[in-house]
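Colleague: Mind if I quiz you on the labels you put on this one? I'd like to hear the reasoning behind each.

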Amino acid sequence: METITTFKNEPLRDFSDERNRSQVEAGLAEVEALIRSKALHAAPIVDGQRRSGEESFVRRDPSNVSVSVGTTEFASLQLAAEAVRAAL
């Protein structure tokens, strides 16, 4: 199983600096490519490990509902209970 890294906020960026602006534009292009390839997928994470969900749901672009931006898996009650136990 894949281990997920800990989330951390990034520092604020000055977009008048061309270098910062081009880095963000490159990141957006990368996400757009993932959306086009249908590679964005969110699954439950329990104790740092990605787990399979019970059901899945296709997330759509609210400005263009014909575009799927990714798939989300939902945890079962059993998996949710396991996540709560792992968090204690």
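Modeller: Sure, here is how the labels were reached, bearing in mind that this is a predicted model.

Colleague: Let's begin with the helix. How do you know that the length of helix H1 agrees with what it should be?

Modeller: H1 covers residues 18-36, which is 19 residues, and at 1.5 Å a residue it should span 27 Å. Its end C-alpha atoms are 27 Å apart, so the two values agree.

Colleague: And what makes Asp-17 a cap for H1?

Modeller: A side-chain oxygen of Asp-17 lies 2.9 Å from the backbone nitrogen of Arg-19, at the N-terminal end of H1. The cut-off for a polar contact is 3.5 Å, so that pair falls within it.

Colleague: Why is the pair Asp-17 and Arg-19 also called a salt bridge?

Modeller: Their closest N and O atoms are 3.5 Å apart. A salt bridge needs a side-chain nitrogen of Lys or Arg within 4 Å of a carboxyl oxygen of Asp or Glu, so the pair qualifies. As for accessibility, Asp-17 comes out at 26% and is therefore partly exposed, while Arg-19 is at 56% and counts as exposed. The line for exposed is over 50%, and buried means under 20%.

Colleague: How many salt bridges does the structure hold?

Modeller: Three. Another one joins Arg-21 to Glu-18, with the closest N and O atoms 2.5 Å apart.

Colleague: How do you know that Arg-21 and Glu-18 are separated by about one helical turn?

Modeller: They are three residues apart in helix H1, which means about one turn. In general, an α-helix has 3.6 residues a turn, so residues three or four places apart point the same way. Both ends of this bridge are partly exposed: Arg-21 has a relative accessible area of 30%, and Glu-18 is at 46%.

Colleague: Then there is Arg-51 with Glu-82. What makes that pair a tie between separate parts?

Modeller: Their side chains meet in a salt bridge at 2.6 Å, N to O. Arg-51 lies in the loop between strand S3 (49-50) and S4, whereas Glu-82 is in helix H2 (residues 77-87), so the bridge ties together parts that are 31 residues apart in sequence. Arg-51, at 24% relative accessibility, is partly exposed, and so is Glu-82 at 27%.

Colleague: Now for a charge without such a partner. Why does Glu-73 have no salt bridge?

Modeller: The nearest side chain of opposite charge is Arg-50, and it is 7.4 Å away. The cut-off is 4 Å, so that pair does not count. Glu-73 is buried all the same, and it sits in strand S5 (residues 64-74).

Colleague: What does the side chain of Glu-73 make a polar contact with?

Modeller: With the side chain of His-41, at 2.5 Å. His is not counted as positive, so this contact is no salt bridge. Beyond its neighbours within four places in sequence, Glu-73 is in contact with residues including Ala-42, Pro-44, Arg-51 and Glu-55.

Colleague: What makes S4 and S5 a pair?

Modeller: Pairing takes at least two bridges, and seven join strand S4 (residues 55-61) to S5, so they qualify. The two run antiparallel and form a hairpin with two residues between them. Among the bridges, Asp-61 is partnered with Asn-64 in S5, and Arg-60 with Ser-68.

Colleague: And why are S1 and S4 called edge strands?

Modeller: Three strands form an open sheet in the order S1-S5-S4, with mixed pairing. Strand S1 (41-42) and S4 each pair on one side only, and that is what makes them edges.

Colleague: Last one: what makes the phi of Lys-38 and of Asp-47 worth a label?

Modeller: Each is a positive value in a residue other than glycine: near 60° for Lys-38, and near 55° for Asp-47. Lys-38 comes just after H1, in the loop between H1 and S1. Asp-47 is found in the loop between strand S2 (45-46) and S3. Lys-38 has a relative accessible area of 62%, so it is exposed; Asp-47, with 63%, is exposed as well.

How values were computed. Residues numbered from 1 in each chain as written. Predicted model: local features only at pLDDT ≥ 70, side-chain atom pairs only at ≥ 80, totals over all residues. Heavy atoms only, no water. Helix = DSSP H or I, 4+ residues; strand = E, 2+ residues; numbered from the N terminus. Buried < 20%, exposed > 50% of the residue type's maximum accessible area, 1.4 Å probe, protein only. Polar contact = N/O pair within 3.5 Å; in protein donor to acceptor, adjacent residues only side chain to side chain. Contact = heavy atoms within 4.5 Å. Expected span 1.5 Å × (residues − 1).
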